[in-house]
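Me: I would like to go through this model by asking about its helices, its rings and some single residues.

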Amino acid sequence: MHDAGIAGVVLGFGVATVLILVVGLVYATAIRALPRTGGGVLFALFSAGRIPGFIAGWSLALGYIGIGAMNASAVTLFFRVTFPGIPSHGKLFEIAGWEVYLAEVLVAILFIWVFALLNMKGVDFSGRFQFWAVVTRLTCIAVLGVSAVYAFLTTDIELPAAVPRVSRC
């Protein structure tokens with residue numbers, strides 16, 4: 001993001017937003033066509049058969065396992081930046097120049113367990129939680145956006161170039 005300049009970052013976020021909206025619209029259409037719990041797996045099962053449904057189910061399960069692990073490690077990174085003194089106790093090992101601490105591993109495990117418990121409460125509870133999480137996220141984004149515009153208009157902020165210069169050797 002640093003090398004893309006403001007215009008590149010805005011363009012990248014715009015393209016990503018459009019792609020996410022397309023995925024959301026596809027899911028919304030699938031939900032209207034097949035209003036049952038099961039998402040993409042159920043849609044693949046009813047539209048293409050048992051083998052594609054089986055493949056879709058396992059693909060989603062493995063994908064969600066990977067995403068869950070990545071999100072858990074992202075939470076520990078958030079704690080490392082937000083509370084720099086807390087997770088730096090109990091060094092376990094170092095991998096690729098990154099030190100891993102016991103407190104970070106415990107935070108990641110706690111994060112995974114909390115979300116597992118939320119999902120075990122059932123589809124209705126999980127759906128309500130996700131709805132309010134999205135409402136909270138959108139509210140925070142709106143507050144941050146308004147705050148950024150206000151700060152830009154009321155203070156003398158020097159922005160970098162929209163398109164960075166390319167140095168040629």
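The questions and replies below go through helices, aromatic rings and single residues in turn.

Me: What kind of model is this, and how are its residues numbered?
Reply: This is a predicted model, in which local features need pLDDT of at least 70 and side-chain atom pairs count only at pLDDT 80 or more, while totals for chains, interfaces and linings use all residues. Side-chain values use heavy atoms, with hydrogens and water left out, and residues are numbered from 1 along each chain as its sequence is written.

Me: What should helix α1 span, and how far apart are its end C-alpha atoms?
Reply: Helices (H or I, at least four residues) and strands (E, at least two) are DSSP runs, numbered from the N terminus, and the expected span of a helix is 1.5 Å times one less than its number of residues. Helix α1 has 29 residues (residues 5-33), so it should span 42 Å, and this agrees with the distance between its end C-alpha atoms, 42 Å.

Me: Which residues of α1 are buried?
Reply: Buried means under 20% relative accessible area, exposed over 50%, and partly exposed in between (1.4 Å probe, protein chains only). What covers the buried residues of α1 includes α2 (39-48), where contact means heavy atoms within 4.5 Å. The buried residues of α1 are Gly 5, Val 9 and Ala 30.

Me: How do helices α3 and α4 pack, at what angle and with which class of arrangement?
Reply: Axes are lines fitted to C-alpha atoms, for helices over the stretch in contact, and angles run from 0 to 180 degrees between N-to-C directions. Helix α3 (residues 50-82) and helix α4 (residues 102-120) have axes 8 Å apart and pack at an angle of about 130°. Angles under 35 degrees count as roughly parallel, over 145 as roughly antiparallel, 65 to 115 as roughly perpendicular and the rest as oblique, so α3 is to α4 oblique.

Me: Which residues of α4 does α3 meet?
Reply: The α3 side of this contact consists of Asn 71, Ala 72, Val 75, Thr 76, Phe 79 and Arg 80. Phe 79 and Glu 104, 25 residues apart in sequence, have C-alpha atoms 8.0 Å apart in space. The α4 residues that are met are Glu 104, Val 107, Ala 108, Phe 111 and Ile 112.

Me: How many aromatic pairs are there, and which residues form one aromatic cluster with Phe 79?
Reply: Rings of Phe, Tyr and Trp (its six-membered ring) pair if their centres lie within 6.5 Å, with planes under 30 degrees apart counted as stacked, over 60 as edge-to-face and the rest as tilted, and by this rule the count comes to 6 aromatic pairs. Phe 78 and Phe 79 form an edge-to-face pair, 5.8 Å centre to centre with 85° between the planes, whereas Phe 79 and Phe 83 form a tilted pair at 5.6 Å and 35°. The residues in one aromatic cluster with Phe 79 are Phe 78 and Phe 83.

Me: What is the relative accessible area of Phe 79, and what is that of Phe 83?
Reply: Phe 79 has its place in helix α3. Phe 79 counts as partly exposed because its relative accessible area is 30%, and Phe 83 likewise counts as partly exposed, at 37%.

Me: Which residue that is not a glycine has a positive phi, and where is it?
Reply: Most residues other than glycine have a negative phi. The residue in question has a phi of about 55° although it is not a glycine, and it lies in the loop between β1 (91-95) and β2 (98-101). With a relative accessible area of 86% it counts as exposed, and it is Ala 96.

Me: Is Ser 126 buried or exposed?
Reply: Ser 126 is found in helix α5 (residues 123-154). Leaving aside residues up to four places away in sequence, Ser 126 touches Leu 118 and Asn 119. Its relative accessibility is 9%, so Ser 126 counts as buried.

Me: How far apart in space are Trp 132 and Lys 91?
Reply: Trp 132 lies in helix α5, and Lys 91 has its place in strand β1. Trp 132 and Lys 91 are 41 residues apart in sequence, and their C-alpha to C-alpha distance in space is 36 Å.
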